[in-house]
Amino acid sequence: MADPAVLHAPQPDGATAVLVFADGQVAWGRGFGAVGEAIGEMCFNTAMTGYQEVMTDPSYAAQIVCFTFPHIGNVGVNDEDTESVDAGAVGCVVREDVTDPSNFRSMGDFPRWLADRGRIGIAGLDTRALTRRIRRLGAPNVAIAHDPDGRFDLAAMLGRVRAWQGLEGLDLAKGVSRQISESWAGDVWQLGSGFGTTDTDGQGSAAARPHVVAMDFGSKNNIFRTLVKAGARVTVVPAEATLDTIMALKPDGVFLSNGPGDPAATGAYAVPVIRGLLDRDVPIFGICLGHQMLGLAAGARTAKMFQGHRGANHPVQRLSDGTVEITSMNHGFAIDGDTLPAGVEQTHVSLFDGTNCGIEITGKKAFGVQYHPEASPGPQDSFYLFERFVGGLGDRS
Ligand SMILES: NC(=O)CC[C@H](N)C(=O)O
């Protein structure tokens, strides 16, 4: 039950936003971005850069991001550093008030951009204390609200956050996926030249490239850009594409994207399709949710983590040679490494907590990683995975 003393914590002067936790705790702050209310699971992200990419990563659907880096919004926003058109986190929690943007790439300010996307921000909170709370108690369900007049009905908010089912068992991937297929031509962004295309990256004409059919479960666009950079021709298909639809596109390989929600809840559509691809020996590469789904299709189980991994400096060990990759991460579920059946090999582990970070299906060109080798934001130590996948597609008989 809520602690009434907490729920009725007095509203400080000037408070225009509030967080109401499912256990009744309340945290007051200053609102920015959209006016209104949203409900989600609060997580923390430790990346020092890339707030725009984080907020537009569809894997954060139904989540509120607490940034541990204190200065968020200070380099503004632009039209290039977005990972999706309109999906992403429902809100964010930041330490310092957002200052005027200062950056040569800035095209606008973060609060206005958030408002345009209907996303709520709250500033002035002790984000380190909130992070410690998550580390102690696990990721909480939270209601976030912003009202410039400072009027909030805390009891009603508490009722709504308690009524929310939470992320466990929630299927969000098909809701944020593209609904129609699309052919993807853009290459990765570079300083000075911006985004390249398949015509400008020196890898030959699009038709000569291996064809990757990418299943979109709520993908970050930089994955498709990186597949193109690695030499692929990419066709993106919706999350609920059938095995027949995919095979009709004559894929040289199939890519399984990241995405929001509980992987185990996607069992009705994606997992049987992936099983069919495995039966047909189609090469497969999965990232994050896609990795988890590949594991489920191969017979492993997934589980919700206590606090999850989100940041841009997570060390992962590659077991084949002991090399450590510094990776970008964003996940709250994981494959349970103890449930890998025969024929599924663990290839990478987290050096933070030993959780599974990579699998490979023995005897097939099918592998996945729990982290984000496409970075955006984050280090690019793991780009070799794209080269390995795309480079291995040419010799399929
Ligand atoms: N980035 C992702 O694909 C996240 C996968 C899954 N929704 C999780 O939280 O674990």
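This passage describes the domains, sheets, ligand surroundings and annotated sites of a predicted model.

In the predicted model, the protein chain falls into two domains, with domain 1 covering residues 4–163 and domain 2 covering residues 173–391. The centres of the two domains, taken over C-alpha atoms, are separated by 28 Å, and the contact between them draws on 23 residues from domain 1 and 24 residues from domain 2. On the side of domain 1 that touches domain 2, the elements giving two or more residues are β3 (36–45), α2 (51–55) and α4 (127–137), and of these β3 gives the most, with three residues. By class, the residues on this side of domain 1 comprise eleven nonpolar, seven polar and five charged.

A barrel is formed by seven strands, which close in the order β1-β2-β6-β5-β4-β3-β7 with mixed pairing; from one strand to the next, the twist averages 35°. Within this barrel, strand β1 (residues 17–21) pairs with strand β7 (residues 141–146) in the antiparallel sense over five bridges, and Phe21 is found opposite Val142 in β7. Helix α4 packs on the sheet, where α4 touches β3, β4 (63–67) and β5 (91–94), and the direction of α4 makes about 125° with that of β4. Another helix, α5 (residues 154–163), lies across β1, β2 (26–33), β3 and β7, and runs at about 140° to β7. An unreviewed UniProt entry lists residues 15–145 under "domain: Carbamoyl-phosphate synthase small subunit N-terminal". Over this stretch, residues 15–145, the chain is 18% helix and 31% strand, with the end C-alpha atoms 11 Å apart.

A second arrangement of strands is an open sheet of ten, ordered β8-β12-β11-β13-β14-β19-β18-β17-β15-β16, in which the pairing is again mixed. Because β8 (182–184) and β16 stand at the edges and each has a single partner strand, one side of each is left without a neighbour in the sheet. Neighbouring strands of this sheet are turned against each other by 25° on average, with direction ignored. At the β8 edge, the pairing with strand β12 (residues 233–238) is antiparallel and extends over three bridges, and Trp184 stands opposite Val234 in β12. Helix α10 lies across several strands, namely β13 (253–256), β14, β15 (302–318), β16, β17 (344–350), β18 (356–361) and β19 (366–369), and runs at about 125° to β14.

The ligand is surrounded by Ser59, Asn258, Gly259, Pro260, Gly261, Cys288, Leu289, Asn330, His331, Gly332 and Phe333. Strand β16 (residues 324–335) supplies the largest share of this shell, four residues, and the shell as a whole has four nonpolar, seven polar and no charged residues. Cys288, one of the residues around the ligand, is located in the loop between β14 (284–287) and α10 (289–298). According to the unreviewed UniProt entry, the feature "active site" is placed at Cys288, His372 and Glu374. Although these three positions are spread over 87 residues of sequence, they cluster in space, with a largest C-alpha distance of 11.2 Å.

Definitions and conventions:
Residues are numbered from 1 along each chain as its sequence is written. This is a predicted model: local features need pLDDT of at least 70, side-chain atom pairs count only at pLDDT 80 or more; totals for chains, interfaces and linings use all residues. Domain bounds come from an automatic or database domain assignment. Two residues are in contact if their C-beta atoms, placed from the backbone, lie within 7 Å. Ala, Val, Leu, Ile, Met, Phe, Trp, Tyr, Cys and Pro count as nonpolar, Asp, Glu, Lys and Arg as charged, and the others, Gly among them, as polar. Two strands pair if DSSP finds at least two bridges between them. Axes are lines fitted to C-alpha atoms, for helices over the stretch in contact, and angles run from 0 to 180 degrees between N-to-C directions. A residue is near a molecule or strand if its C-beta atom, placed from the backbone, lies within 6 Å of it. UniProt positions are given in the numbering used here, feature names are shortened, and annotations may be inferred rather than shown by experiment.
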